[in-house]
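Reader: Could you walk me through this structure, one question at a time? I would like to see the reasoning along with each value.

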Amino acid sequence: MIIAQLTVIPIGTGTPSLSRFVAGFQEELKTMGFEPRLSAMSTVIEADSIDRILAAVKRLHEKAFENGAPRVATSVSIDERRDKEGSINQKLASVRAKVKK
């Protein structure tokens, strides 16, 4: 499983609030078959192919322009591990198991 963290920043929207864009990104990812994990600063998705991840990045980048942004800055981090199977849930469980209570 490939895990990616995406941050799409619409610039020049006339307001510092970007929540309407972020909400649209979440809806778009769901339409594409993803189960996005939203955090305060980014969205995390997972897929079984790099092509699906990159298609999602491209789609969200373009969606920001379609929704009125004259400039868009997109950042993506991709974690692909081929020596064993992993997922967002598996990675989180592994860390939680090691955190002292």
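Reader: Thanks! Among contacts between residues at least 6 apart in sequence, what share joins residues at least 24 apart?

Author: Happy to start there, and please keep in mind that this is a predicted model. Take the contacts between residues at least 6 apart in sequence, and ask which of them join residues at least 24 apart. That share is 69%.

Reader: In which order do the elements run from the N terminus?

Author: The protein has 3 helices and 4 strands to place. Read from the N terminus on, their order is β-α-β-β-α-β-α.

Reader: How much accessible surface does the protein have, and what part belongs to carbon and sulfur atoms?

Author: For scale, the C-alpha atoms fill a box of roughly 45 × 35 × 20 Å along the principal axes. Of the 101 residues, 30% count as buried. The accessible surface comes to about 6800 Å², and the part that belongs to carbon and sulfur atoms is 53%.

Reader: Let's turn to α2. What span is expected for this helix at 1.5 Å a residue?

Author: α2 has 17 residues. From its first C-alpha to its last it reaches 24 Å, which is close to the expected 24 Å.

Reader: How wide an arc do the buried residues of α2 cover around the axis?

Author: The buried residues of α2 are Ile-53, Ala-56, Val-57, Leu-60, Lys-63 and Ala-64. They sit on the same side of α2, because the arc they cover around the axis is only 130°. A helix has 3.6 residues a turn, so residues three or four places apart point the same way. For the buried residues of α2, the arc is 130°.

Reader: Which residues are exposed on the other side of α2?

Author: The buried side of α2 is covered by elements that include β1, α1, β3 and β4. On the other side, the exposed residues are Asp-51, Lys-58 and Glu-66.

Reader: And α1: which elements are included in what covers its buried residues?

Author: α1 has 13 residues and reaches 18 Å, close to the 18 Å expected. Its buried residues are Phe-21, Gly-24, Phe-25, Gln-26, Glu-28 and Leu-29. What covers them includes β1, β2, β3 and α2.

Reader: Which glycine follows α2, and what is its phi?

Author: Just after α1, Gly-33 takes a positive phi of about 95°. α2 is also followed by a glycine with a positive phi, near 105°, and that residue is Gly-68.

Reader: Which residues does the salt-bridge network around Glu-28 join?

Author: The structure holds 6 salt bridges. In one of them, the side chains of Glu-28 and Arg-59 meet at 3.1 Å, N to O; Glu-28 lies in helix α1 and Arg-59 in helix α2, so the pair ties together parts 31 residues apart in sequence. Glu-28 also forms a salt bridge with Lys-63, with the closest N and O atoms 3.6 Å apart. Salt bridges that share partners make one network of Glu-28, Arg-59, Lys-63 and Glu-66.

Reader: Is Glu-28 buried or exposed, and at what relative accessible area?

Author: Its partners make a useful comparison: Arg-59 is partly exposed at 24%, while Lys-63 is buried at 15%. Buried means under 20% relative accessible area. Glu-28 therefore counts as buried, at 16%.

Reader: How far apart are the closest N and O atoms of Asp-79 and Lys-91?

Author: This salt bridge links Asp-79 in strand β4 with Lys-91 in helix α3, 12 residues apart. Both are partly exposed, Asp-79 at 34% and Lys-91 at 36%. Their closest N and O atoms are separated by 2.3 Å.

Reader: What separates the C-alpha atoms of Arg-71 and Pro-10?

Author: Arg-71 is in strand β4 and is exposed, with a relative accessible area of 57%. Not counting residues up to four places away in sequence, Arg-71 touches Ile-9, Pro-10, Ile-11 and Phe-65. Arg-71 and Pro-10 are 61 residues apart along the chain, yet their C-alpha atoms are separated by 6.1 Å.

Reader: Last one: which elements give two or more residues to the nonpolar patch?

Author: Ile-50, Leu-54, Val-76 and Ile-78 form this surface patch, with about 280 Å² of accessible area together. The elements that give two or more residues to the patch are α2 and β4.

Methods. Residues are numbered from 1 along each chain as its sequence is written. This is a predicted model: local features need pLDDT of at least 70, side-chain atom pairs count only at pLDDT 80 or more; totals for chains, interfaces and linings use all residues. Side-chain values use heavy atoms; hydrogens and water are left out. Patches are made of residues with over 30% relative accessible area and no salt bridge: like charges are joined within 9 Å, nonpolar side chains (Val, Leu, Ile, Met, Phe, Trp, Tyr) within 5 Å. Accessible areas come from the Shrake-Rupley method with a 1.4 Å probe; for residues, only the protein chains shown count as cover. A salt bridge is a side-chain nitrogen of Lys or Arg within 4 Å of a carboxyl oxygen of Asp or Glu. The expected span of a helix is 1.5 Å times one less than its number of residues. Buried means under 20% relative accessible area, exposed over 50%, partly exposed in between (1.4 Å probe, protein chains only). The arc is that of the directions from the helix axis to the C-beta atoms. Contact means heavy atoms within 4.5 Å.
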